[in-house]
Amino acid sequence: MRRLLLEMFESTGQLDPQTIVLRMIVATIIAFFIYLSYKLSHEGSIYSKKFNVSLMALTVITTAVMIVIGNNIALSLGMVGALSIVRFRTAIKDSRDTIYIFWTIVAGICCGAGDFLVAAVGSAFAFLVLLIFGRIKNDNRMLLIIRAARINEEKIEALIFQRFSRKANLRVKNTTDTSVEFIYEISKHLLERAEKSKKGIVQSKSVTDALYEIGSVEYCNLVMQNDEISS
């Protein structure tokens, strides 16, 4: 029993050079498809070339780690302990980036273990899903911030209700003896639709112009929110 345990912990799981090169080549090919998928599914200011290259490198590095670990239990435990002290401080700006990081790690593990079929089929399905649905964007939310004299509080609420009905969510209402501040959350689509009448004709007055006509309005701010995660 003791000898069996020693053999398990001392097993190196060494591979011949041809197998190592083959696994690294397959990992590089899959990494290229991950690179292509990320480039196609991201556009605009959120696309980062450096992060995309890092995804390719992460796939290859994970494959190399898996090849080194092999069947050596002692080495695998030591590797887990060494990697557990690593702390990543880079903020993820897009939730999809987490998916790509996980994809690269899984692809690298499959290639390092020699499961090329799983790596290829899994990557193909992930590529198709992200290619089809990766460009879907949420309807960005807008914050309408209004600060005015408190005597016009009811007029402002009536105007917002008239333009947006019940679809404008009142998030914050701050009041003092002389002033009041509203923060409404509305969708960008709802704001654009509010600029048109029921017949689809563009109204002569925007929401902000209509608010200023009430009088004693200090400011009206429109702030766009999105789903990007910042540090």
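**Group meeting: two helix pairs and a loop residue**

I would like to begin in the loop that joins helix α9 to strand β4, residues 217-225, because that is where Ser216 lies. What we are looking at is a predicted model, and I ask you to keep that in mind throughout. The reason for pausing at Ser216 is its backbone: phi of Ser216 is near 60°, a positive value in a residue that is not glycine. As a general matter, most residues other than glycine have a negative phi.

Let me step back to the protein as a whole. The protein has nine helices and four strands, and, read from the N terminus, their order is α-α-α-α-α-α-β-α-β-β-α-α-β. Of its 231 residues, 29% count as buried, and the accessible surface comes to about 15,200 Å², with 62% of that belonging to carbon and sulfur atoms. If we take the contacts between residues at least 6 apart in sequence, 74% of them join residues at least 24 apart.

Now to the helix pairs. Two packed helices are described by the angle between their axes and by the distance between those axes. For helix α2, residues 17-41, and helix α5, residues 95-113, the axes come within 9 Å and cross at roughly 165°. Angles over 145 degrees count as roughly antiparallel, and α2 and α5 are therefore roughly antiparallel to each other. The crossing of α2 past α5 is right-handed. On the α2 side, the contact is made by Arg23, Val26, Ala27, Ile30, Ile34, Ser37, Tyr38 and Ser41, while α5 contributes Arg96, Asp97, Tyr100, Trp103, Thr104, Ala107, Cys111, Gly112 and Ala113. Sorted by class, the residues of this contact are 10 nonpolar, four polar and three charged.

One of the α2 residues in that list deserves a closer look, namely Ser37. Is Ser37 buried or exposed? Its relative accessibility is 3%, and Ser37 therefore counts as buried, the cut-off for buried being under 20%. Setting aside neighbours within four places in sequence, Ser37 is in contact with Tyr100, Trp103, Phe127 and Leu130. Taking Tyr100 from that group, Ser37 and Tyr100 are 63 residues apart in sequence, and their C-alpha atoms are 9.2 Å apart in space.

Tyr38, another α2 residue of the contact with α5, gives us a second pair to consider, this time with Val53: the two are 15 residues apart in sequence and 10.0 Å apart in space, C-alpha to C-alpha. Val53 belongs to helix α3, residues 49-69, and, because its relative accessibility is 47%, Val53 counts as partly exposed.

The other helix pair brings us back towards our starting point. Helix α7, residues 153-164, packs with helix α9, residues 207-214, at an angle of about 155°, and their axes are 10 Å apart. That angle makes α7 roughly antiparallel to α9, and the crossing of α7 and α9 is right-handed. Which residues make the contact between α7 and α9? From α7 they are Lys155, Ile156, Leu159, Ile160, Arg163 and Phe164, and from α9 they are Val207, Ala210, Leu211 and Ile214. By class, the contact of α7 with α9 has eight nonpolar and two charged residues, with no polar ones.

That returns us to the loop between α9 and β4, where Ser216 lies, and I will stop there for discussion.

How values were computed:
Residues numbered from 1 in each chain as written. Predicted model: local features only at pLDDT ≥ 70, side-chain atom pairs only at ≥ 80, totals over all residues. Heavy atoms only, no water. Axes fitted to C-alpha atoms, helices over the stretch in contact; angles between N-to-C directions. Parallel < 35°, antiparallel > 145°, perpendicular 65-115°, else oblique. Left-handed = near helix turned anticlockwise from the far one by under 90°. Contact = heavy atoms within 4.5 Å. Nonpolar A, V, L, I, M, F, W, Y, C, P; charged D, E, K, R; others polar. Buried < 20%, exposed > 50% of the residue type's maximum accessible area, 1.4 Å probe, protein only. Areas by Shrake-Rupley, 256 points an atom, 1.4 Å probe, with all protein chains shown as cover.
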